[in-house]
Structures are given as C-alpha cells and as structure tokens.
Amino acid sequence: MTGRPLSRRHTLQTAAGVTAALTVAAAPPAWASAAGPGTEPGRTGKPTVLLVHGAFADASSWNPVTERLQQYGHRVVAVANPLRGLPHDSAHVAARLAAVRGPVVLVGHSYGGAVITQAAATAPNVKALVYVSAFIPDAGEVLGELAARFPGSRLEASLDHEPVPGPDGTPGVDLYIRPDRYREVFAQDVPRPTTQVLAAGQRPLSGSAFTDRMSSAAWHTVPSWTLISSRDRGIVPELQRFQAARARSRAVEVPSSHLPMYSRPDAVVALIRAAARTVTA
C-alpha cells in the first residue's frame, strides 16, 4: 500500500472527530472524580488499553497517560518492552496480548509503534491501534531505512554506541541518547528537571532494532489512530504524516516534542479514548 505525505490541512480535516474529542476530554469530567474509577454512566465495559513504550524508556514513561486513563475507568496495562530487537520485542508483546481477556486498544510510542504493528498481526483481540509519535512500518521494511526517507532527525547523531554481548554470546551494540543531548533531541518542551531524570534512567535499545526487517503490519486490517508531533526532532513530522496517510489512520497533529506523554498528556489520552469508543468490550 502506498500513500502521499499528509498535509496539515488534510490531517485536521480527516481528524475532525478526534479533534473534537481533544476539546471535550482535556480533563476528567465531574462524574470521574465524584463516582470513582470505572463508573462512567452508560458504559458498562471498556476495552483494555495496553501501552508499549519506545526506545530508551521503560513502562513508567506512560505514567501521566496511565493515571488519566485510570481516572476514566479504563483498565491499563503498561508493558515492559524488552528493547532487544523487533522479533523478540513483538513476540513478547504478543504473549502479553494473549493473556488479556477481551478486546484491546494497543498503543505504541516511538519504536513501540513498530513493535505493536508486528505483534498485533497475531493477536485477534486487538481491535484498534494507536500510534503516538511513532514508527508505523509496513511488512518488509527496516526502521533505519524508513527513517532515512525523510531527513532532519537529530537522533542518530546524538547516540552513543556501547559494545555488549548479544543473547547468543556474539558481539552486539546497545544504543543510548547522550545525556547532554537528550532534552534537545527528545523533549525540548518538557521541564528540564524531568528530562534530566529521564536521561539518567535510559534503558538501552539493541542496535539490531534499526536493521531488523518487519514480518507483518497489522494496520492493513486493524483500524488505527495517530498522534503526529509537529515539533518532533526524533521521528520527523514529515515521516509521521507519510506513515499516517499510508495506513489510512485517523490522525491528529499537536505541537509537541517526541514526548507528548509528558508535554501533551491530555491530547494523548483523548486520542486513545477516541479509539476505545469504537470498540465494544
């Protein structure tokens, strides 16, 4: 499947319903605090929201989003993505999906977008995909090559490469963002004290993640939603727009860095909830 880069005007037009959700869902409604979690009037069940973090992070990177979703009564599972390459990581997430009863809204940030794209292909309970500042590759693609199609990312030049033994004992490479470049590249709109903590607690990404080839792409058969970060310096906005158009994703664009979970958590939550409302639990 092919597509053309998504213009800003086209993005906003095709995301009219989601944009409305961003307006009304900026904060939990009165009943959320008065009645308590899980008691939204008129909704007896919701799909599970399973969150998959990206590179250089752990499941706690979703905390601002998780907290808000729980206030709305959603069951949330924030998965520990191993970051050991696409085959291993997607198999790990697929196993977690198999353990969830009922329908799932599967959400991926950054590299996690590639992981959910492959994992959902073998998970029939995934009813919606949500991409947040993410890679959305097609079957047969390699992330390094996909990223290179649209220049401007500051990520590659900011990486440290550390030799490590691979799982089978052969030499491998782990990638980290240099701490002095973390905020500039990843999170220029997030408070500096927060980015300093995030930079210090990075989990490494196996270098193989950028050379592994995608075996499948669930977005061909599963409906998707995409949050495009228009100020992203890691995965450039042009690539995010192209991918969203190709996947025929319901897209919304926000003025955010690569970490909208911290700088625009209400927008992320609104998009996830827009996807969840299309799924019957």
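This section describes the fold of a predicted model, from the whole chain to its two sheets and the helices that pack on them.

The protein chain comprises 12 helices and nine strands. Of its 281 residues, 54% count as buried, and the chain exposes about 12000 Å², of which carbon and sulfur atoms supply 53%. Among the contacts with a separation of 6 or more, 76% are accounted for by residues 24 or more positions apart.

Six of the strands form an open sheet with parallel pairing, in the order S2-S1-S3-S4-S8-S9. Strand S2 (76–79) and strand S9 (250–254) stand at the edges of this sheet, and each has a single partner strand, so one side of each is left without a neighbour in the sheet. Neighbouring strands are turned against each other by 15 degrees on average, when direction is ignored. At one end of the order, strand S8 (residues 224–229) pairs with S9 in the parallel sense over five bridges, and Ser229 has Val254 in S9 as its bridge partner.

Towards the other edge, S1 pairs with S2 in the parallel sense over four bridges, while five bridges join S1 to S3, the two strands again running parallel. Leu50 stands opposite Leu106 in S3, and Val49 has Val76 in S2 as its bridge partner. Strand S1 is mostly covered, with five of its five residues buried. In a regular strand the side chains alternate between the two faces of the sheet. In S1 both faces are covered, with Thr48, Leu50 and Val52 buried on one side and Val49 and Leu51 buried on the other.

The residue that pairs with Val49, Val76, lies in the edge strand S2. Val76 nevertheless counts as buried because its relative accessible area is 17%, and the cut-off for a buried residue is under 20%. With residues up to four places away in sequence left out, Val76 touches Val49, Leu51, Thr66, Leu69 and Gln70. Val49 and Leu51 belong to one face of S1, so that this face of S1 is in part the surroundings of the buried Val76. The C-alpha atoms of Val76 and Val65, which are 11 residues apart along the chain, are separated by 9.7 Å.

Helix H6 is one of the helices that pack on the six-stranded sheet, where H6 touches S1, S3 and S4 and its direction makes about 145 degrees with that of S3. This helix is mostly covered, nine of its nine residues being buried; the residues concerned are Tyr111, Gly112, Gly113, Ala114, Val115, Ile116, Thr117, Gln118 and Ala119. The buried residues of H6 pack against several elements, namely strand S1 (48–52), H5, strand S3 (104–109), strand S4 (126–132), helix H7 (143–148) and S7. Helix H12 (residues 265–276) also lies across strands of the sheet, in this case S1, S3, S4, S8 and S9, and runs at about 165 degrees to S8.

The packing of H6 on helix H5 can be described in further detail. Helix H5 (residues 86–98) and helix H6 (residues 111–119) pack at an angle of about 65 degrees, with their axes 8 Å apart, and their crossing is right-handed. On the side of H5 the contact is made by Leu86, Pro87, Asp89, Ser90, Val93, Ala94 and Leu97, and on the side of H6 by Tyr111, Ala114, Val115, Gln118 and Ala119. By class, this contact has nine nonpolar, two polar and one charged residues.

A further open sheet consists of three strands in the order S5-S6-S7, with antiparallel pairing. Strand S5 (159–165) and strand S7 (205–206) stand at its edges with a single partner strand each, so one side of each is left without a neighbour in the sheet. Strand S6 (residues 171–177) pairs with S7 in the antiparallel sense over two bridges, and Leu175 has Leu205 in S7 as its bridge partner. Strand S7 is also among the elements against which the buried residues of H6 pack, and H6 in turn touches S1, S3 and S4 of the parallel sheet.

Terms used. Residues numbered from 1 in each chain as written. Predicted model: local features only at pLDDT ≥ 70, side-chain atom pairs only at ≥ 80, totals over all residues. Heavy atoms only, no water. Axes fitted to C-alpha atoms, helices over the stretch in contact; angles between N-to-C directions. Left-handed = near helix turned anticlockwise from the far one by under 90°. Contact = heavy atoms within 4.5 Å. Nonpolar A, V, L, I, M, F, W, Y, C, P; charged D, E, K, R; others polar. Buried < 20%, exposed > 50% of the residue type's maximum accessible area, 1.4 Å probe, protein only. Areas by Shrake-Rupley, 256 points an atom, 1.4 Å probe, with all protein chains shown as cover. Pairing = 2+ DSSP bridges.
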